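Reader: I would like a close look at a single part of this chain, described carefully and set in the context of the whole. Please take the structure below as the starting point.

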Amino acid sequence: MGGIGKTTLARKAYDHLPIRYHFDIRVWVTISQEFRCRNVLLDALHCISGPNVFNRIDYDKKDDNELADLVQKNLKGRRYLVVVDDIWSTDVWDRIRRIFPDYNNRSRILLTSRETDVAMYANSSSPHEMNLLNLDNSWKLLGDKVFGPKHDHPPELEEIGKKIVGKCQGLPLTISVIAGHLSKIARTLKSWKDVARTLGEIVASHPNKCLEVLGLSYHHLPNHLKHCFLSMGSFQEDFQVETGRLIQLWIAEGFVRASESGKNLEEVAVDYLEDLISRNLILAQKRRFNGEIKVCGMHDLLREFCLIEAEMTKFMHVERTELDVPTLPTQKHNVRRFSFQTQFYSVDDCCKLLPPVARSIYLFSRLDLPFATRVKLHEVLPIYHRRPIIHEFFSRFHLLKVLAIFHEHVGFNSFPLVITKLFHLRYIQVRCNGNIPDSISELLNLQTLITHRNKYEEKTLPGKIWIMKNLRHIHLGGPSYLPSPRRESILNKHLVLGMPNLEQLSGLCSTSCTNEVFSVIPKIKRLIVLYSPKDHMANRLIDMSSLRKLEALKCFRKSILPSSIKSSIFPTSVKRLTLAGWFQFPWYEISTLVMLPNLEEAQN
């Protein structure tokens, strides 16, 4: 049964301190209903290598057999714990078992499944069966979440509280969601009786379903939070959403309102996210040591409710993984957001069914040409004949605000110029090689620019990027040279240059770390610097002291060269510092970091 606490229990075991010390390597992979071996291998390598060493671009070049070989080589001779979460079939278990061989060194594989036959097939002697909570434990769970561990609650609420949890039928997820709702309303007998009455009506009409119970908390949300919740359906099942990326999408979609308290949009969006998490509608899957949410997701039962509600309210249409035929609505003009989550999707079908008034497109599917056309073109030059068709596809959506391409095989040999004609775009996420063209500067509304690469090569950003005043986030998939704004000001004397709203820049080449560049990005909070192998002055002084709002700094060095922490002057505002890759510096230089007054976390 979903929502009974399988993943929660597995996570507690996985994070338990004695277990962490007992195993050399811990790996967590989530399977879900659609098994993709490559994703499992990449997740495993990410856990084995660690986030500071893992380089997805290098692994993208390898096939599945090479990735499996890498996993096994890294595990050999080491005691490992692998958690395989949410496995649905015995066939998948057989394939998983081959990836993680038994080296007779007391390594362990822990799996969770809703299917009893899968658990018995994996180990017939010791499956642990999860049971529904009894009334006392249900009340304890609700009390912990609403009142805290001390259960400091008004006595008159206990009787009605037990009636409420009784209607949740012992399902922990349902109790948690209801607790999230109760924690936001008045702690009065009348308010709680209203919740009990509503729950009673739901249970009476749907005795075997909990989706409507889960919806109770949703229906009491303010409208702006409803939109944020429903937007989680844009992502595939069990997709781990980076918090920063989610917030950027919420802002681009227009879900985040300006605050009267003086908070910027990102800070308001974080408040929205924390609110939804406190109601147990979104899961905080990873947090930083200081409590900041790093990665979030959604329980699959809540996701099911989310998708049904999004469809009913015409908030969004999702082409779902488990369906084989297109299901786009006939009244497509009433829907503005679309997410394609099937493994493949035909460009022709998209062109026929997507309305020109679409505002948002999330693409997890691989765009394919129709079969007959592909065969016909095969005799000529098939790889290059896809591009004009895909370019024509994008050119139809003149009102598009969000274009997020997640599928790793939907890429371009160069940045598609047609995208730079979509004036209303606020959020772009594409995979392409080559430099970003000057025409990107025509997208004056653009807030977020994310480019992934098929090759790890240095790019050059256009000088005209300095006129894009609304850019808030730039993420580049490799080292990127940012030309001096002074050069552009000489060419365009009438322009005032700079990116005054830029808060995050990822992929800046070390050669671009100059005072001229830093002086025109005064609000930067998060910066990732990549030291290029071509930078022959890698140890030259980099003065970042002018970046007075910088909070998170990561420097990545790909080549082995002697280095010195003293070659950088860090701003005193830095809270989180990561020196990743091949940094080699004398131990005594650590004292330089101790002098940073706001530093909370340092990694190497």
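Reader: Before you turn to that part, what share of the contacts in the chain with a separation of 6 or more comes from residues 24 or more positions apart? After that, please describe the open sheet formed by β1, β2 and β3, together with the second largest pocket, whose lining includes residues from β2 and β3.

Author: The model is a predicted one, and in it residues 24 or more positions apart account for 60% of the contacts with a separation of 6 or more. The chain has 604 residues, of which 50% count as buried, and it contains 22 helices and 24 strands. Its exposed surface comes to about 28900 Å², with carbon and sulfur atoms supplying 52% of that area.

Turning to the sheet you ask about, three strands lie in the order β1-β2-β3 and pair in parallel, forming an open sheet. Since β1, residues 25-30, and β3, residues 108-111, stand at the edges and have a single partner strand each, one side of each is left without a neighbour in the sheet. On average, and with direction ignored, neighbouring strands of this sheet are turned by 15° against each other. The pairing of β1 with β2, which covers residues 80-85, can be described in further detail, as six bridges join these two parallel strands. Within that pairing, Thr-30 has Asp-85 of β2 as its bridge partner.

The second largest pocket, which holds about 1000 Å³ of space, has a lining of 34 residues, and those closest to its centre are Leu-110, Leu-111, Ala-119, Pro-127 and His-128. Two strands of the sheet, β2 and β3, each supply at least two residues of this lining, as do the helices α1 (6-15), α6 (90-99) and α7 (116-122). Among the contributors, α1 gives the most, with five residues.

Enclosed space can be set beside this open pocket, for the structure also holds four cavities of 30 Å³ or more. The second largest of these cavities has a volume of about 60 Å³, and its lining consists of Met-232, Phe-235, Gln-236, Glu-237, Asp-238, Phe-239, Val-241, Met-298 and Arg-303.

To return to your part, then, β2 is joined to β1 by six bridges, and β2 also supplies at least two residues to the lining of the second largest pocket.

Note on methods. Residues are numbered from 1 along each chain as its sequence is written. This is a predicted model: local features need pLDDT of at least 70, side-chain atom pairs count only at pLDDT 80 or more; totals for chains, interfaces and linings use all residues. Side-chain values use heavy atoms; hydrogens and water are left out. Two strands pair if DSSP finds at least two bridges between them. Helices (H or I, at least four residues) and strands (E, at least two) are DSSP runs, numbered from the N terminus. Axes are lines fitted to C-alpha atoms, for helices over the stretch in contact, and angles run from 0 to 180 degrees between N-to-C directions. Buried means under 20% relative accessible area, exposed over 50%, partly exposed in between (1.4 Å probe, protein chains only). Contact means heavy atoms within 4.5 Å. Accessible areas come from the Shrake-Rupley method with a 1.4 Å probe; for residues, only the protein chains shown count as cover. On a 1 Å grid over the protein atoms alone, a cavity is a set of points where a 1.4 Å probe fits but cannot get out, and a pocket is an open set with protein on both sides within 12 Å along at least five of seven lines; lining residues have an atom within 4 Å of a point. Grid points are joined across faces, edges and corners, and a volume is the space filled by probe spheres set on the points.
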